[in-house]
Amino acid sequence: MSQFWSPAVRGLTPYVPGEQPREKLIKLNTNENPYPPAPGVEARLREFPADHLRRYPDPQSLALRTALAHEHGVEVEQVFVGNGSDEVLALAFQAFFCHGRPLEMPEITYSFYPVYCRLYGIEQRSLALDAQWRVDLDAFSSDSSGTIFANPNAPTGHGHGRQAIATLLDRLGGQVVLVDEAYVDFGGESAVPLIGRYPNLLVTGTFSKSRSLAGLRLGYAIGSRELIEGLERVKDSFNSYPIDSLASALGIAALEDKAHFDACRERVMTTRERTVRRLSELGFEVLPSQANFVLARHAQHDAAQLFVGLRERGILVRHFNTSALRDFLRISIGTDDEMDSLIEAFELLCR
Ligand code: PMP
């Protein structure tokens with residue numbers, strides 16, 4: 001605690017991201033994609049003229065937004081881009097949820113949301129998941145400042161279908177409903193086709209997972225023109241140029257290669273199902289997942305000890321030390337070889 005910190009900074013509890021280890025480990029802790037980005041990304045990187053970096057990038061990121069609009073079948077005015085979807089989320093909290101009423105979110109969801117609540121002084125109302133560890137859409141109420149959840153949810157992996165989201169939106173017309181689709185490309189159903197019907201729906205997405213570009217920091221939001229304008233107002237009061245020229249060029253190259261995108265996500269989904277089967281055979285309970293990770297617990301083995309045992313064998317997974325998640329490990333889906341190593345390690349640890 002420093003005397004120089006403002007009272008607001010003293011009250012913060014910053015988000016702790018998964019470890020980025022310096023030594024070479026099998027890294028299954030931050031839901032990165034095990035496959036490289038589209039070959040066109042590397043080609044564009046090599047041919048990018050360094051002289052372009054002399055100039056500021058386009059503050060509106062029109063080229064990238066146009067490519068995203070094309071990809072999602074929406075107008076460019078319905079697309080916002082940011083430096084990772086974390087930044088887009090942060091701007092959305094400020095733009096839409098600072099109303100003096102609590103923001104509703106599931107009790108178990110992306111743990112950055114409560115951090116933003118503290119940053120912006122937003123009261124948070126947490127709602128229990130249902131008995132199957134799914135987000136309980138019926139529990140959200142209309143007397144809040146807004147609603148946020150990840151779909152598929154993190155770290156549980158369950159995703160609701162579009163019809164269920166539409167039913168929720170029919171009920172919550174007066175507030176922003178933010179659906180975080182960071183993991184939707186691994187078997188979820190996107191709510192983007194609903195944005196024409198619901199001006200209060202904001203969907204966020206990222207290049208970090210299904211596009212293998214976590215290091216580039218590109219995220220986006222899709223919603224009605226009025227919501228996108230709200231985000232732009234906050235962005236232009238904070239940072240005019242969140243997307244650098246190189247990131248924009250590489251993001252566009254990634255969007256151009258649908259075959260690579262589909263092949264990588266298919267591989268991740270196939271490996272996930274294989275991993276689920278093998279973990280189940282070892283006695284794990286694995287929650288059904290539509291994401292590039294699984295949440296698993298073992299009735300006989302302590303998750304914290306398993307975490308340490310894996311780490312000693314060069315494998316890094318995620319263990320959340322909260323009362324609800326203490327028994328679980330969250331395991332990102334890597335290559336088949338990486339998952340074989342994980343299973344071999346568990347075979348020794350769970351004997
Ligand atoms: N939403 C969810 C649910 C996530 O798990 C993550 C990744 N930690 C993000 C958003 C942020 O991803 P990024 O900033 O890399 O786009």
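The following exercises, each with a worked solution, concern a predicted model.

**Exercise 1. Cysteines**

Determine how many disulfides the structure holds, and examine the surroundings of Cys117.

Solution. A disulfide requires two cysteine sulfur atoms within 2.5 Å. The search returns zero disulfides for the structure. For Cys117, the nearest cysteine sulfur belongs to Cys98 and is 8.9 Å away. Cys117 is therefore in no disulfide, given the cut-off of 2.5 Å. The next step concerns accessibility, for which buried means under 20% relative accessible area. Cys117 has a relative accessibility of 2% and so counts as buried. Cys264, with a relative accessible area of 4%, is likewise buried.

**Exercise 2. Strand S2**

Establish which residues cover each face of strand S2, and describe how S2 is joined to strand S8.

Solution. Strand S2 comprises residues 79–82. On one side lie Val79 and Val81, and on the other lie Phe80 and Gly82. These four residues are all buried, and both faces of S2 are thus covered. Strand S8 spans residues 219–223 and runs antiparallel to S2, with four bridges joining the two. In this pairing, Gly82 stands opposite Gly219 of S8.

**Exercise 3. A salt bridge within one helix**

Locate Arg46 and Glu42, and state whether each is exposed or partly exposed.

Solution. Side chains of opposite charge can pair when their charged atoms come close. The whole structure contains 22 salt bridges, and one of them joins Arg46 to Glu42 with an N to O distance of 2.7 Å. Both residues belong to helix H2 (residues 39–47), where they are four residues apart, about one turn of the helix. Arg46 is exposed, because its relative accessible area is 68%. Glu42, at 44%, is partly exposed.

**Exercise 4. Salt bridges between helices**

Identify the helices that are linked by the pairs Arg65 with Glu232 and Asp340 with Arg274.

Solution. In the salt bridge of Arg65 with Glu232, the closest N and O atoms are 3.5 Å apart. Arg65 lies in helix H3 (residues 62–72) and Glu232 in helix H7 (residues 225–235), so this pair ties together parts 167 residues apart in sequence. Arg65 is buried at 7% relative accessibility, whereas Glu232 is partly exposed at 24%.

For the second pair, the side chains of Asp340 and Arg274 meet at 2.8 Å, N to O. Asp340 is in helix H11 (residues 336–349) and Arg274 in helix H9 (residues 258–281), 66 residues apart. Arg274 is partly exposed, with a relative accessible area of 24%. Finally, Arg274 and Asp340 belong to a network of salt bridges that also includes Arg278 and Asp336.

Methods
Residues numbered from 1 in each chain as written. Predicted model: local features only at pLDDT ≥ 70, side-chain atom pairs only at ≥ 80, totals over all residues. Heavy atoms only, no water. Buried < 20%, exposed > 50% of the residue type's maximum accessible area, 1.4 Å probe, protein only. Pairing = 2+ DSSP bridges. Salt bridge = Lys/Arg side-chain N within 4 Å of Asp/Glu carboxyl O.
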